[in-house]
Amino acid sequence: MDFFKTFTDDDLTILGKYLPCAGSGDCDLTVPSLWSRNDKRQLRFAERDGFLILERALVGVKSPVIVMPMGSGEAPQAIFDQLADDAVAKNRPLIFYGLVEHMRPILEKAYPDRKLTVEDNPDRWDYIYSCQDFVELAGSHFHSKRNFVKRFYKACPNAQFVVYTLDYFQDCMDFLHQWYAGRAADEDLQHEFKAIEKVLTHWEKLAVYGGLLIEHGRILGLTYGARCAPNMLAVHIEKATRDVPGAYPALAQAFAHTLPTCIQYLNREEDLGIAGLRKAKQDWHPIGQLKKGTVIVH
């Protein structure tokens, strides 16, 4: 019998049993992200001995990868033995994905007689920030961000951040259609649009934080995220108008103001090796990165 089973929308509650409590901080490991991007990631799962084990597709890797077991404490050896047997039965490599520094000692212990090959890809590393930095924008290194926020509110003095509800759904869809219209309609953007629509449609059943930057009924920005660890929130979506300078930093700061005090850190995801995106993330002065990669067990 197959170790994993295909994840469907009906399995949403299973994710909530383990996340965010057992989350590693990985931006992909939130309930909304896993659920809304299920089709692209080809998510499959198993529950064993109080642990959730996920199998997913990963860009650039031919075979599915296994997310490290999530649960309380140390996963039992039996789980790792079963995963090895499952890979043999399917005649494919046993590949784990997650935080390399965390995975390596666990896998060395689980497979003491086998060779491990580590791929630590900086393009997949998540950028981590202090939430308080986004709220305060204090210090000389945030001087340009403060100036952009001031320019935004000078142009839009009545702009306010409001928490998203389903009443805003159609207005959000209109805003998103305009935002995507000016960009290449590649496959990744199409998947992203569908994921956003799915989250906005089912907002009330998902543990999502987020809202809109609005002035006089016009949406100037849309953002949302979810906790990827007990004290960390992954910012999954941040879309703002380009018509008003400073809309992006104003949106980011306004969102940070609304977050509960338990959220001390923001994960603003990876840069995918895109130079412009990397610079944009570095301009917010990250306090560190989550070094994600793969470990192949030979």
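Visitor: In β3 of this predicted model, which residue is the bridge partner of R44?

Guide: The model is predicted. R44 belongs to the pairing of β2 with β3, two strands that run antiparallel and are joined by 5 bridges. Another position of this pairing sets F45 opposite L54 in β3. For R44, the bridge partner in β3 is E55.

Visitor: Which residue takes a positive phi in the hairpin of β2 and β3?

Guide: β2 and β3 run antiparallel, and their hairpin has 2 residues between the strands. The positive phi, near 50 degrees, is taken by D49.

Visitor: How many of the residues of β3 are buried?

Guide: Buried here means under 20% relative accessible area. In a regular strand the side chains alternate between the two faces of the sheet. In β3, F51, I53 and E55 point one way while L52, L54 and R56 point the other way, and all are buried. The count of buried residues in β3 is therefore 6 of 6.

Visitor: Which residue in β4 is the bridge partner of L52?

Guide: β3 pairs with β4 in the antiparallel sense, over 5 bridges. L52 is one of the buried residues of β3. Its bridge partner in β4 is M70.

Visitor: Which strands stand at the edges of the open sheet that has the order β1-β2-β3-β4-β5-β14-β6?

Guide: This open sheet has 7 strands with mixed pairing. An edge strand has a single partner strand, so one side of it is left without a neighbour in the sheet. For β1, 2 bridges form the antiparallel link to β2 (residues 44–48), and K5 has F45 as its bridge partner in β2. The edge strands are β1 (5–6) and β6 (116–120).

Visitor: At what angle does helix α5 run to β5?

Guide: Helix α4 (residues 77–90) lies across β2, β3, β4 and β5, at about 130 degrees to β5. Helix α5 (residues 100–110) packs on the sheet and touches β4, β5, β6 and β14 (292–297). The direction of α5 makes an angle with that of β5 of about 140 degrees.

Visitor: Turning to the open sheet with the order β8-β9-β10-β11-β12-β7-β13, why is one side of β8 and of β13 left without a neighbour?

Guide: This sheet has 7 strands and mixed pairing. β8 (160–163) and β13 (288–290) stand at its edges. One side of each is left without a neighbour in the sheet because each has a single partner strand.

Visitor: By how many degrees are neighbouring strands of this sheet turned against each other on average?

Guide: The sheet concerned is the one in the order β8-β9-β10-β11-β12-β7-β13. With direction ignored, the average turn between its neighbouring strands is 30 degrees.

Visitor: Which residue in β13 does I128 stand opposite?

Guide: Strand β7 (residues 126–130) pairs with β13 in the antiparallel sense, over 3 bridges. In β13, the residue opposite I128 is G288.

Visitor: What angle does the direction of helix α10 make with that of β11?

Guide: Helix α10 (residues 247–258) packs on the sheet, touching β8, β9, β10 and β11 (232–240). The angle between the directions of α10 and β11 is about 145 degrees.

Visitor: Is L272 buried or exposed?

Guide: L272 lies in the loop between β12 (265–267) and α11 (275–282). Together with I274 and L277, L272 makes a nonpolar surface patch of about 260 Å². Exposed means over 50% relative accessible area. The relative accessible area of L272 is 54%, so L272 is exposed.

Notes:
Residues numbered from 1 in each chain as written. Predicted model: local features only at pLDDT ≥ 70, side-chain atom pairs only at ≥ 80, totals over all residues. Heavy atoms only, no water. Pairing = 2+ DSSP bridges. Helix = DSSP H or I, 4+ residues; strand = E, 2+ residues; numbered from the N terminus. Axes fitted to C-alpha atoms, helices over the stretch in contact; angles between N-to-C directions. Contact = heavy atoms within 4.5 Å. Patch = residues over 30% accessible without salt bridge, like charges linked within 9 Å, V, L, I, M, F, W, Y side chains within 5 Å. Areas by Shrake-Rupley, 256 points an atom, 1.4 Å probe, with all protein chains shown as cover. Salt bridge = Lys/Arg side-chain N within 4 Å of Asp/Glu carboxyl O. Buried < 20%, exposed > 50% of the residue type's maximum accessible area, 1.4 Å probe, protein only.
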